[in-house]
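Student: Please take a close look at the aromatic pairs in this model, and then follow the helices that carry them or pack against them. I would like one connected account rather than a list.

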Amino acid sequence: MTVSHHTPHKNKTLATLLAFLAGGLGLQRLYLRGARDPWLWLHLAALPAAAAVSAAWPDADGFYKLLPIMVSGLAGFLEALVLGLMSDEKWDARFNPRSGKQSDTHWPLAVVLVASMMVGAGGLIATISRLFDLLYTGGSYG
């Protein structure tokens, strides 16, 4: 008697949505690769890093205190785009090699990708603008 081992099928739209909504915490990494993924722990390390910056420099601008969390969140938006734009064949080869199913994404993935692009680009522009304001003018514009 042979026993076939099927791994659960990983949904591309769900992984992209997790990256969009909670990419800064690395939930998409947990969903795709499990708790042993080192990049998951790097995302989670942004929280104690922000606390360490706050403790080390209590008089610093709040932007600097939240910068590790913002960088992790921006990386999550980028990962949402990378995951969502991956072809279904490549997705199945990488994340579903033994699931026995084929991925077939539809329009909800496109909606998540558009939202990721809008929010991620806006967040990146705002972060860069505030960083340059603080570094070059000392925060005189806000």
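Tutor: Let us begin in helix 6, which covers residues 88-95, where Trp91 and Phe95 are four residues apart and therefore separated by about one helical turn. The model is a predicted one, and what follows should be read with that in mind. Trp91 is buried, and Phe95 is buried as well.

A pair of aromatic rings is described by the distance of the centres and the angle of the planes. Four aromatic pairs are counted in this model. One of them is formed by Trp91 and Phe95, with 4.5 Å from centre to centre and 50° between the planes. Because planes under 30 degrees apart would count as stacked and planes over 60 as edge-to-face, the pair of Trp91 and Phe95 at 50° counts as tilted.

Another aromatic pair joins Phe132 and Tyr136, and this one is tilted too, with 5.4 Å between the ring centres and 40° between the planes. Phe132 and Tyr136 belong to helix 7, residues 107-137, and since they are four residues apart there, about one helical turn separates them. As for their surroundings, Phe132 is partly exposed, its relative accessible area being 44%, whereas Tyr136 reaches 64% relative accessibility and so counts as exposed.

Helix 7 leads on to its packing partners. Two packed helices are described by the angle between their axes and the distance between the axes. Helix 1, residues 12-22, packs with helix 7 at an angle of about 20°, and their axes are 10 Å apart. This angle makes helix 1 roughly parallel to helix 7, and their crossing is left-handed. On the helix 1 side the contact is made by Lys12, Thr13, Thr16, Leu17 and Phe20, which meet residues of helix 7 including Pro108, Leu109, Val112 and Val119.

Helix 5, residues 62-85, also packs with helix 7, here at an angle of about 150° with the axes 9 Å apart. Helix 5 is therefore roughly antiparallel to helix 7, and the crossing of helix 5 and helix 7 is left-handed.

Helix 5 has a further partner in helix 4, residues 46-56: the axes of helix 4 and helix 5 come within 7 Å and cross at roughly 165°. Helix 4 and helix 5 are thus roughly antiparallel to each other, while their crossing is right-handed. Helix 4 contributes Ala46, Leu47, Ala49, Ala50, Val53 and Ser54 to this contact, and helix 5 contributes Tyr64, Lys65, Pro68, Ile69 and Ser72.

Ser72 appears again among the contacts of His43, a list that, with neighbours within four places in sequence left aside, also includes Gly23, Gln28, Arg29, Ala75 and Glu79. His43 itself is placed in helix 3, residues 38-44, and its relative accessibility of 10% is the reason why His43 counts as buried.

Finally, the annotation can be set beside the model. An unreviewed UniProt entry places the feature "transmembrane region" at residues 14-32, 39-57, 63-86 and 107-132. In the model, residues 63-86 are 96% helix and 0% strand, with the end C-alpha atoms 33 Å apart. Residues 14-32 are 79% helix and 0% strand, and there the end C-alpha atoms lie 10 Å apart.

Technical notes
Residues numbered from 1 in each chain as written. Predicted model: local features only at pLDDT ≥ 70, side-chain atom pairs only at ≥ 80, totals over all residues. Heavy atoms only, no water. Phe/Tyr/Trp six-rings, centres within 6.5 Å; stacked < 30°, edge-to-face > 60°. Helix = DSSP H or I, 4+ residues; strand = E, 2+ residues; numbered from the N terminus. Buried < 20%, exposed > 50% of the residue type's maximum accessible area, 1.4 Å probe, protein only. UniProt positions renumbered as here; feature names shortened; annotations may be inferred. Axes fitted to C-alpha atoms, helices over the stretch in contact; angles between N-to-C directions. Parallel < 35°, antiparallel > 145°, perpendicular 65-115°, else oblique. Left-handed = near helix turned anticlockwise from the far one by under 90°. Contact = heavy atoms within 4.5 Å.
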